[in-house]
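Biologist: Could you walk me through this model, starting with the ligand and its surroundings?

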Amino acid sequence: MANELEKENAAIAAMEFVEDGMTIGLGTGSTAKFFVDLLAEEIADGLVVRCIETSEQTRRQAESLGVPLIPFEQVDRIHLTVDGADEVDQAGNLIKGGGAALLREKIIANASDHMVVIADPSKQVERLGQFPLPVEVTPFGYTITARKVYDVLVASGIERPRVELRTQPDGKLVVTDGSNYILDCHCQRIPDAEALAARLSNVPGVVEHGLFIGIARTIIIGNENGATVFEF
Ligand code: 5RP
């Protein structure tokens, strides 16, 4: 499938940033999965790195492939993090959290010297907001928090937003690795992502939101023949 090839080619290009001796943050999702596969192949061939996972899903993949993981508490420096994204704008700002891993993803990306995003061209947008913005909230008081989040969206110039509690196909609530819930905020168009990010962070009960503003330094967009690298 073209889309899979585009993702894989983005991951191949990201391998250029990997160096022996690095501590590397491993992202979550179908694109990041390609990167973990490639890294595992290099490790089998003698590459020496230590990794830290952004989700239980990635931990399982890494462990199954023999990728060495270390607990976050033992990490004093993360040289590189490679992760996917749900949307990427022209300034390198992102929406993440489609896989419900945004909290650990943001902690690890923010603690890294260099965040590289890998994506296929469908993730590129002129303005963030078509993809529903994930917001992680504490289970305690989540109905009130959802209302406050709605108010923040309206105050941020979003017309007729919709805030939905994320559920699984069987109707059960999605619970994150941090034991929280996810609100998916249907915005269509976010006029000022930076202002919205600041407002959301101020809502009690919001643990983290999926707007990654000014965090990614390199965006790699895969195509069928290779990849294009954008630096910010
Ligand atoms: C998980 C994420 C993922 O990086 C994002 O959803 C992209 O996933 P995929 O590569 O499968 O399209 O933010 O929380």
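Modeller: Happy to; the questions and answers below are about a predicted model.

Biologist: Where does the ligand sit, and how many residues surround it?

Modeller: The ligand is found in the largest pocket. Among the residues around the ligand, the closest are Ser30, Thr31, Asp86, Gly97 and Lys123. The full number of surrounding residues is 16.

Biologist: How many of the shell residues are charged?

Modeller: Good one to ask! The shell divides into three classes, with three residues nonpolar and eight polar. The charged class has five.

Biologist: Which residue has a polar side-chain atom 2.9 Å from an oxygen atom of the ligand?

Modeller: Let's go through the contacts to ligand oxygen atoms. Glycine 84 uses a backbone N or O atom, at 3.4 Å, and glycine 99 also uses a backbone N or O atom, at 3.2 Å. The side-chain contact at 2.9 Å comes from lysine 96.

Biologist: And what share of the ligand's accessible area does the protein cover?

Modeller: On its own, the ligand has 380 Å² of accessible area. The part covered by the protein is 90%.

Biologist: Turning to aromatic pairs, how are the planes of tyrosine 142 and tyrosine 181 arranged?

Modeller: The count comes to one aromatic pair, and its members sit 39 residues apart, with tyrosine 142 in helix α5 and tyrosine 181 in strand β9. Their ring centres are 5.1 Å apart, and the angle between the planes is 85°. Planes over 60 degrees apart fall in one class, so this pair is edge-to-face.

Terms used:
Residues are numbered from 1 along each chain as its sequence is written. This is a predicted model: local features need pLDDT of at least 70, side-chain atom pairs count only at pLDDT 80 or more; totals for chains, interfaces and linings use all residues. Side-chain values use heavy atoms; hydrogens and water are left out. A residue is near a molecule or strand if one of its heavy atoms lies within 4 Å of it. A polar contact is a pair of N or O atoms within 3.5 Å; within protein, one must be able to donate a hydrogen and the other to accept it, and residues adjacent in sequence count only if both atoms are side-chain atoms. Accessible areas come from the Shrake-Rupley method with a 1.4 Å probe; for residues, only the protein chains shown count as cover. On a 1 Å grid over the protein atoms alone, a cavity is a set of points where a 1.4 Å probe fits but cannot get out, and a pocket is an open set with protein on both sides within 12 Å along at least five of seven lines; lining residues have an atom within 4 Å of a point. A molecule sits in a cavity or pocket if more than half of its atoms lie within 2 Å of its grid points. Ala, Val, Leu, Ile, Met, Phe, Trp, Tyr, Cys and Pro count as nonpolar, Asp, Glu, Lys and Arg as charged, and the others, Gly among them, as polar. Rings of Phe, Tyr and Trp (its six-membered ring) pair if their centres lie within 6.5 Å; planes under 30 degrees apart count as stacked, over 60 as edge-to-face and the rest as tilted. Helices (H or I, at least four residues) and strands (E, at least two) are DSSP runs, numbered from the N terminus.
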